[in-house]
Structure formats: C-alpha cells, structure tokens
Amino acid sequence: MKFPVFIDLQDRKIIVIGGGNIALRRIQTLLPFGGKITVISPGLHEDLLDLFHNHQIGWLKKEYAKGDCKQGYMVLACTNDRNVNYSVYKETKEMDCYRNICDCKEECNFYFPGIASKGEIVVGITASGTNHHLAKSVTRKIQQELETNAWETKFSDYGKA
Ligand SMILES: C[C@@]1(CC(=O)O)C2=NC(=C\c3[nH]c(c(CCC(=O)O)c3CC(=O)O)Cc3[nH]c(c(CC(=O)O)c3CCC(=O)O)/C=C3\N/C(=C\2)[C@@H](CCC(=O)O)[C@]3(C)CC(=O)O)/[C@H]1CCC(=O)O
Ligand SMILES: NC(=O)c1ccc[n+]([C@@H]2O[C@H](COP(=O)([O-])OP(=O)(O)OC[C@H]3O[C@@H](n4cnc5c(N)ncnc54)[C@H](O)[C@@H]3O)[C@@H](O)[C@H]2O)c1
C-alpha cells in the first residue's frame, strides 16, 4: 500500500505528456494546487485549449522527445501510446521527480489520487491500484459528504465552546 502525503505544488513545474481525456481530468484536479503546468502534445482536448487560451496552462505543440521532462518536479505521462509512455518512464526513472505513467501502475512512483475537497479540507483517495471504479465512487461519496454535511462549519466550532 502507498502512504499518502500532501505536497506543496505552488509554482512547481508540472509536465504533462499528452493532451487528451486523462490529461484533462488530471489537470482539472491539479489546477487549484498552484503548479505551473505545461502540456506537451501534438493535439489538445478542446477544454485544455480553453485553459491554454486563458493562460492557465502552457502548451508545446509537438510530439514527446527525450529531454522534454528535464526539470519537471512532477511528470505525468498521459498519451494513448504505450511506447511513448514507456519512453517517459525511461527518461524519468533516474530523475528526482514525481512520476506517473497512466497506463502502467508499476512504472509510477506515485498514484494519482481521486480528490474530494471543500475549503481547506483535501481528501486523497486510492484503491491501491486494484479497482479504479471503486476509487472513483468513494471519491464521489466523500465529496457528497463534504458538500452536504458542512464539515468545515462543524470543525470550526471545535475549540470555541
Ligand atoms: C483515482 C483516479 C484518479 C484520476 O485518474 O484522476 C485513477 N484512476 C481513475 C479512474 C479510472 N482509471 C481507469 C479507468 C477505466 C477502468 C476500466 O473501465 O477498465 C477509470 C474509470 C474512469 O475513468 O471512469 C483505467 C486505468 N487506471 C490505471 C490503469 C493502468 C494500470 O492499472 O496499470 C488503467 C488502465 C488503462 C488502460 O486501459 O491502458 C492506473 C491508475 N489509475 C489511478 C487513478 C491510479 C490509482 C488507482 C486506484 O486508486 O486504484 C493508478 C494505479 C496509477 C495512476 O494512473 O495514477 C481515477 C478515478 C477518480 C475520479 O474519477 O474521481
Ligand atoms: N490512469 C487512468 O486513470 C486511466 C484511465 C483511463 C485510461 N487510461 C489510459 O490513458 C490513455 C490515454 O487515454 P485518453 O482517453 O486520454 O486518450 P486520448 O486519445 O484522449 O489522448 C491521447 C493524447 O495523447 C497525445 N499523444 C499521442 N501521441 C503523442 C506523442 N508522441 N507525444 C505527445 N502526445 C501524444 C494525443 O495528441 C492526445 O492528446 C489510454 O490509452 C489508457 O491506456 C488511464
């Protein structure tokens, strides 16, 4: 099992290889955490294109090439091509960075969690790589719980009585 940590991504360089559905989902999750995200991909999902035009992410319109991950604090391989994702793994495996390869959990040095959050509460969820649908539904449930039961309010009352 993997141990959860909460890392500071503020202004850190995050490199995402591939600009499709999985890249979009992960970038949407990452955006509130303040990293500087650059996507390297010949194509870009239209919602990512919007983020690019709004200056929320950078985009290098090209295919991945060895060396692109240099100085990445976090690198996410999100292409639909096993060979490309494996090349990203090979480039990053000796680097001191957070590495996630979306089609091969054995090549990740961290798993991308499902995240439920409200205000200052952030909950990271994993099913330890065993059941992606379970991770998704538990994430939805916890998000619902945070929305409906006003935990922040309850919590902020502690210590005041
Ligand atoms: C939590 C979440 C975060 C996120 O991705 O945002 C996440 N996967 C989610 C969903 C999801 N993933 C997949 C499907 C389609 C399943 C199907 O139908 O078969 C769906 C369902 C969907 O998309 O609805 C396919 C899949 N996933 C992985 C592989 C490769 C492998 O297992 O080796 C393959 C096969 C790819 C292929 O076919 O090549 C690997 C990983 N996925 C992880 C995270 C890591 C820890 C997982 C865990 O905790 O168990 C891990 C181990 C590594 C990593 O990638 O970090 C997110 C739900 C959160 C949310 O939605 O809120
Ligand atoms: N880990 C997960 O949670 C999860 C969930 C579902 C699927 N997957 C895996 O993720 C992969 C990607 O899925 P998707 O739906 O995002 O695919 P997609 O087709 O929407 O996106 C693929 C992206 O990769 C880019 N790309 C292709 N070749 C490239 C190259 N040489 N260099 C740079 N970018 C390149 C394409 O331009 C495109 O933007 C799937 O093939 C599957 O293996 C992972």
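## A sheet, seen from one bridge

Let's start at a single spot: A77 has I101 as its bridge partner in strand 5. Strand 4 (residues 74-77) and strand 5 run parallel, with four bridges joining them. Strands here are DSSP runs of E with at least two residues, helices are runs of H or I with at least four, and both are numbered from the N terminus.

Step back and you get an open sheet of five strands, ordered 3-2-1-4-5 and paired in parallel. (Two strands pair if DSSP finds at least two bridges between them.) Strand 3 (58-60) and strand 5 (98-101) sit at the edges, each pairing on one side only. From one strand to the next, the twist averages 15°.

## What kind of model this is

This is a predicted model: local features need pLDDT of at least 70, side-chain atom pairs count only at pLDDT 80 or more, and totals for chains, interfaces and linings use all residues. Residues are numbered from 1 along each chain as its sequence is written, while chains are lettered from A and ligands numbered from 1 in the order in which they are written.

## Around ligand 1

So who surrounds ligand 1? There are 24 residues around it, and F112, G114, T126, A127 and H132 come nearest. (Near means a C-beta atom, placed from the backbone, within 6 Å.) Helix 4 (132-148) and helix 1 (21-30) each supply at least two residues of this shell, and helix 4 gives the largest share, five residues.

Ligand 1 lies between domain 1 (13-107) and domain 2 (114-157), because both give residues to its shell. The domain bounds come from an automatic or database domain assignment.

Notes
Axes are lines fitted to C-alpha atoms, for helices over the stretch in contact, and angles run from 0 to 180 degrees between N-to-C directions.
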